[in-house]
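Q: I am a first-year student and I would like a close look at one part of this protein. Please take me through that part, and then show me how it fits with its surroundings.

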Amino acid sequence: MSTALFLGTFDPFTAGHDNIVRRILPLFGRVVIGVGINPDKHTLFSAEERVEAIRKIYADEERVSVVSYEDFAVDLAQRVGADVIVKGIRSVQDMEYERVQAAFNKRLGGIETLLLFAEPQLECISSSAVRTLRKFGKDYSWMLPGKAVEKNRSKDHPKKEDKE
C-alpha cells in the first residue's frame, strides 16, 4: 500500500486542504497529514488543537491519519513510510516556493514531491485568509470543511493578544 504525506501548518485546515486530501485518497492507499510545528510562526491554534480538529474531519476514513512534527519533512516521511510528499498549489508564488522545497526533499531524503493545483473555485482559500476574516468579524465558514466550522467558531472571540 502506497502512502502519501500531505504537509502544512494547517492553522486552520481549510476546504482547500480537504479537497487535496480527498483528491489524493484514490491515488494512494493511505494519506498521512503532517501538521507542522514552527516556533517562528504565531498560530491561532496549538498543534494539539490542529491535529484533533483534522482527525475529527477524517474520523470515518481509516486510510487517513494525522500527526504533528517539528523536524524535517523528509524525516517525517521516513518515519511514516511515505512514498511521496504532496503539496497544494494555488498560485505562481506557491509553485516557486514548493519547487524549491521539493528539490530539498529530493536531495535530503530522496523523496519525490507531487504538486497538485487547487481547483479554481478554491484558489482564494488560505488559512491566513480565514484568520484575517475571523479577526474582522466576517464570515469565513465557507472556507472550512463542514466538520471544522464548529471547532473554529469556538475561537471566534479572540483574546486581546490575538487581535494584535
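What follows is a walk through the loop between β1 and α1, and then through the parts around that loop.

A: Keep one thing in mind: this is a predicted model. Let us set the scene. The protein has 164 residues, and 44% of them are buried. Its secondary structure consists of 7 helices and 5 strands. Along the sequence they run in the pattern β-α-β-α-β-α-β-α-β-α-α-α. Your loop lies between β1 and α1.

Start inside the loop, with F10. What is the sign of phi at F10? Phi there is positive, near 55°, and F10 is not a glycine. Is F10 buried or exposed? F10 has a relative accessible area of 4%. Buried means under 20%, so F10 counts as buried. F10 therefore combines a place in the loop with a buried position.

Now move on to P12, which sits in that loop too. The peptide bond leading from D11 to P12 is cis. Its omega is near 0°.

Next comes the start of the helix. T14 caps the N-terminal end of α1. A side-chain oxygen of T14 lies 3.2 Å from the backbone nitrogen of G16. Helix α1 itself covers residues 15–24. How many of its 10 residues are buried? The count is 8, so the helix is mostly covered. The buried residues of α1 are A15, G16, H17, D18, N19, I20, V21 and I24. G16 is thus in two stories: its backbone nitrogen takes part in the cap, and the residue is buried.

What do the buried residues lead to? In soluble globular proteins, nonpolar side chains tend to be buried together. Here the largest nonpolar core has 21 residues. Those that touch the most other members are F6, F13, V21, V31 and I33. V21 also appears among the buried residues of α1. β1 and α1 each give two or more residues to this core, and so do β2, α2, β3 and β4. Both elements that flank your loop take part, then. There is also a second, separate core of 12 residues. V32, L76, A77 and I85 are among its members.

Look at some of the other contributors to the largest core. In α2, the buried residues are A47, R50, V51, A53, I54 and I57. They cover an arc of only 165° around the axis, which puts them on the same side of α2. One of them, I54, can be paired with V64. The two are 10 residues apart in sequence and 9.8 Å apart in space, C-alpha to C-alpha. V64 lies in strand β3. Its relative accessible area is 10%, so V64 is buried.

Strand β2 offers a second pair. G34 is found in that strand. With a relative accessible area of 0%, G34 is buried. G34 and S65 are 31 residues apart in sequence, yet 8.7 Å apart in space, C-alpha to C-alpha.

Now turn from the cores to open space. The largest pocket holds about 1200 Å³. In all, 44 residues line it, and the closest to its centre are L7, G8, T9, K87 and E98. β1 and α1 each supply at least two residues of the lining. α3, β4, α4 and α5 do so as well. Which element gives the most? That is α4, with 8 residues. By class, the lining has 17 nonpolar, 17 polar and 10 charged residues.

T9 is also one end of another pair. Its partner K41 stands in the loop between β2 and α2. K41 and T9 are 32 residues apart in sequence and 9.2 Å apart in space, C-alpha to C-alpha. K41 is partly exposed, with a relative accessible area of 44%.

One last stop: α5, one of the helices in the pocket lining. Its buried residues are S127, V130 and R134. Seen down the axis of α5, they fall within an arc of 60°, so they line one face of the helix. G137 follows α5, and its phi is positive, near 70°.

To sum up, your loop holds a buried F10 and a cis bond into P12. The elements on either side of it, β1 and α1, both contribute to the largest core and to the lining of the largest pocket.

How values were computed. Residues numbered from 1 in each chain as written. Predicted model: local features only at pLDDT ≥ 70, side-chain atom pairs only at ≥ 80, totals over all residues. Heavy atoms only, no water. Buried < 20%, exposed > 50% of the residue type's maximum accessible area, 1.4 Å probe, protein only. Helix = DSSP H or I, 4+ residues; strand = E, 2+ residues; numbered from the N terminus. Arc of directions from axis to C-beta. Polar contact = N/O pair within 3.5 Å; in protein donor to acceptor, adjacent residues only side chain to side chain. Core = buried A, V, L, I, M, F, W, Y, C linked by side-chain atoms within 4.5 Å. 1 Å grid on protein atoms, 1.4 Å probe; cavity = no way out; pocket = protein on both sides within 12 Å on 5 of 7 lines; lining within 4 Å. Points joined across faces, edges and corners; volume = space filled by probe spheres on them. Nonpolar A, V, L, I, M, F, W, Y, C, P; charged D, E, K, R; others polar.
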